[in-house]
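Take a walk through this structure. We start at one residue and work outwards.

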Amino acid sequence: MPPTAPPPAARLTVGALLALTLLEALWELLLAPVPGARWLALKALPLAVLLPGVARGARRPRQWAALIVPFYLAEALVRALTGTG
């Protein structure tokens, strides 16, 4: 029996998590870095660690992603509303 293709929602989840990981790293390194704090790009590391498990469709990494992604959203809102320039 050949493996079936993942449902579109699963592909969308993997794509969104990959995009968030890349955006987080690029944001802290190139787009809007905090002066003298390039180490903040390490915030993308937990998302990168979860990416292979989410791509496999494993339940536990998806649960962890659901728990930590709201913190990234909250941080993005704070930086968007309080940033200058």
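Begin at Ile 68 in this predicted model. Set aside its neighbours within four places in sequence, and Ile 68 is in contact with Pro 46, Leu 47 and Leu 50.

Two of these partners, Leu 47 and Leu 50, belong with Ile 68 to the largest nonpolar core. That core has 8 residues in all. Its other members are Leu 17, Leu 51, Val 54, Ala 65 and Tyr 72. Helix H2 (45–56) and helix H3 (59–82) each give two or more residues to this core. H2 gives the most, with 4 residues.

Now step back to the whole chain. How many helices and strands does the protein have? The count is 3 helices and 0 strands. Read from the N terminus on, the order is α-α-α. The radius of gyration is 15 Å, well over the 12 Å that the globule rule gives for 85 residues, so the protein is more spread out than a compact globule. The box around the C-alpha atoms, taken along the principal axes, is roughly 55 × 20 × 20 Å.

Next, look at burial and surface. Of the 85 residues in the protein, 20% are buried. The protein exposes about 6400 Å². Carbon and sulfur atoms supply 75% of that area.

Last, consider how contacts span the sequence. Take the contacts between residues at least 6 apart in sequence: 50% of them join residues at least 24 apart.

Note on methods
Residues numbered from 1 in each chain as written. Predicted model: local features only at pLDDT ≥ 70, side-chain atom pairs only at ≥ 80, totals over all residues. Heavy atoms only, no water. Rg over C-alpha atoms; globule rule 2.2 N^0.38 Å. Buried < 20%, exposed > 50% of the residue type's maximum accessible area, 1.4 Å probe, protein only. Contact = heavy atoms within 4.5 Å. Areas by Shrake-Rupley, 256 points an atom, 1.4 Å probe, with all protein chains shown as cover. Core = buried A, V, L, I, M, F, W, Y, C linked by side-chain atoms within 4.5 Å.
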